[in-house]
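Reader: I am new to this structure. Please take me through it in short answers.

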Amino acid sequence: MANSPQAKKRARQNTARFTVNKMRRSRIRTYLRAVEEAIASGDKDAAQAALKAAQPELMRGVTKGVYHKNTASRKMSRLAARVKAVG
């Protein structure tokens, strides 16, 4: 349990930050799921459109500190390769 005022404030900030990051992560996963579904359906145009929409969301997660830059780049690279292979 936090005792000092600073530690109490940090605990409040951590809780708020956790909530915001959880929402961001969920939003990014939704975009990635849309790409996965388009790939699974075999629709190349839809997959490319979904990938184009997912890319800025994933990189925004990097700037906000939700994902590491290399992790996001790896995910984008692998998705792009799979989209390219569709059709």
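Reader: What makes arginine 27 and glutamate 57 a salt bridge?

Author: A salt bridge is a side-chain nitrogen of Lys or Arg within 4 Å of a carboxyl oxygen of Asp or Glu. The closest N and O atoms of arginine 27 and glutamate 57 are 3.0 Å apart, so the pair meets the rule. Arginine 27 lies in helix H1 (residues 5-41) and glutamate 57 in helix H2 (residues 44-63), so the bridge ties together parts 30 residues apart in sequence. Helices are DSSP runs of H or I, at least four residues, numbered from the N terminus.

Reader: What is this model, and how are values taken?

Author: This is a predicted model: local features need pLDDT of at least 70, side-chain atom pairs count only at pLDDT 80 or more, and totals for chains, interfaces and linings use all residues. Residues are numbered from 1 along each chain as its sequence is written, and side-chain values use heavy atoms, leaving out hydrogens and water.

Reader: Why is glutamate 57 called buried or exposed?

Author: Buried means under 20% relative accessible area, exposed over 50%, partly exposed in between (1.4 Å probe, protein chains only). Glutamate 57 has 10%, so it counts as buried. Arginine 27, at 44%, is partly exposed.

Reader: Which residues share a salt-bridge network?

Author: Arginine 60 also forms a salt bridge with glutamate 57, with N and O 2.8 Å apart. Shared partners join Arg27, Glu57 and Arg60 into one network.

Reader: How many salt bridges are there?

Author: The count is three. One of them pairs arginine 82 with glutamate 36, at 2.9 Å, N to O.

How values were computed: Helices (H or I, at least four residues) and strands (E, at least two) are DSSP runs, numbered from the N terminus.
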